[in-house]
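Visitor: Please take one part of this model and go through it closely. I would like the pockets and the strands around them, without digressions.

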Amino acid sequence: MSDPTFDEAWAEAAASNRRNAGRLVTLEFIHPGITAEDVIVPVRAVAARRAYALRLEDDAPVNAGELVTFEPLGFSSSMPVRAANGAVTCRITIANIGGRLWPYIEKAVEVQADATLILRQYFKSDPDTIVFGPVVFVVTGVTMANGTVEGECSIDTHADVMVPSLKYTADRFNNLNG
């Protein structure tokens, strides 16, 4: 027997989201070496073919609540793995760092410090609402070769990560009564 509340919520969600809405995956890099007039300048990228103006959350570390521009950039990441100590890490790769990114890379190399990376997702149709994230990573072990930058990303604290869940109980799901 299905749960009518869950069925109604699912039907509403399916009806209110267009199939072709599309998501915009964004990254924001914050490094103490990337500054202008002694103010930290974040590098913002979107996995898209063009730039997008998107609104940041009200408690963002830089430009909180503001509409900011994310520039198009190709990036990818490995699947996250959990180490024996419980830390979750993945590798991020950014291709074709020439052109616009090179001056930022040069500034970051001058200051030896870990970078912060913030992952957010938006719907293309709603630039004001973050639909996933922000997830904050610490970036270490950065390497550069052949126009590609790679770094190891780890979640500093697991308490800040929101994971969607559904509580499975025998009351809600009769088949669990076995």
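Guide: What follows covers the two pockets, then one residue, then one strand. The model is predicted.

The largest pocket holds about 540 Å³ of space. Its lining is made up of 29 residues, and those nearest the centre are His31, Ala108, Ala115, Val142 and Val149. Two or more lining residues come from each of strand 1, strand 9 (88–94), helix 2 (102–110), strand 10 (115–123), strand 11 (126–145) and strand 12 (148–155). Strand 11 contributes the most, six residues. Sorted by class, the lining of the largest pocket comprises 21 nonpolar, six polar and two charged residues.

The second largest pocket has a volume of about 330 Å³. It is lined by 20 residues, with Ser77, Pro80, Cys90, Leu119 and Phe137 closest to its centre. The elements giving two or more residues to this lining are strand 1, strand 7 (75–77), strand 9, strand 10, strand 11 and strand 12. Strand 9 supplies the largest share here, four residues. The lining of the second largest pocket has 16 nonpolar and four polar residues, and no charged ones.

Strand 10 appears in the list for the largest pocket and in that for the second largest pocket. Glutamine 121 belongs to strand 10. With a relative accessible area of 17%, glutamine 121 falls under the 20% cut-off and therefore counts as buried. Its side chain makes a polar contact of 2.9 Å with the side chain of arginine 23. Leaving out residues up to four places away in sequence, glutamine 121 touches Arg23, Leu24, Val25, Thr129, Ile130, Val131 and Phe132.

Strand 1 spans residues 23–30 and runs antiparallel to strand 4, to which four bridges join it. Within this pairing, leucine 27 stands opposite alanine 45 of strand 4. Strand 4 is also joined to strand 6 (residues 67–72), in this case by two bridges and in parallel. The partner of alanine 45 in strand 6 is glutamate 71. Alanine 45 thus has a place in the description of each pairing, opposite leucine 27 in one and bridged to glutamate 71 in the other.

Strand 4 itself, residues 43–46, is covered on both faces. Val43 and Ala45 are buried on one side, and Arg44 and Val46 are buried on the other.

Terms used. Residues are numbered from 1 along each chain as its sequence is written. This is a predicted model: local features need pLDDT of at least 70, side-chain atom pairs count only at pLDDT 80 or more; totals for chains, interfaces and linings use all residues. Side-chain values use heavy atoms; hydrogens and water are left out. Buried means under 20% relative accessible area, exposed over 50%, partly exposed in between (1.4 Å probe, protein chains only). Two strands pair if DSSP finds at least two bridges between them. On a 1 Å grid over the protein atoms alone, a cavity is a set of points where a 1.4 Å probe fits but cannot get out, and a pocket is an open set with protein on both sides within 12 Å along at least five of seven lines; lining residues have an atom within 4 Å of a point. Grid points are joined across faces, edges and corners, and a volume is the space filled by probe spheres set on the points. Ala, Val, Leu, Ile, Met, Phe, Trp, Tyr, Cys and Pro count as nonpolar, Asp, Glu, Lys and Arg as charged, and the others, Gly among them, as polar. A polar contact is a pair of N or O atoms within 3.5 Å; within protein, one must be able to donate a hydrogen and the other to accept it, and residues adjacent in sequence count only if both atoms are side-chain atoms. Contact means heavy atoms within 4.5 Å.
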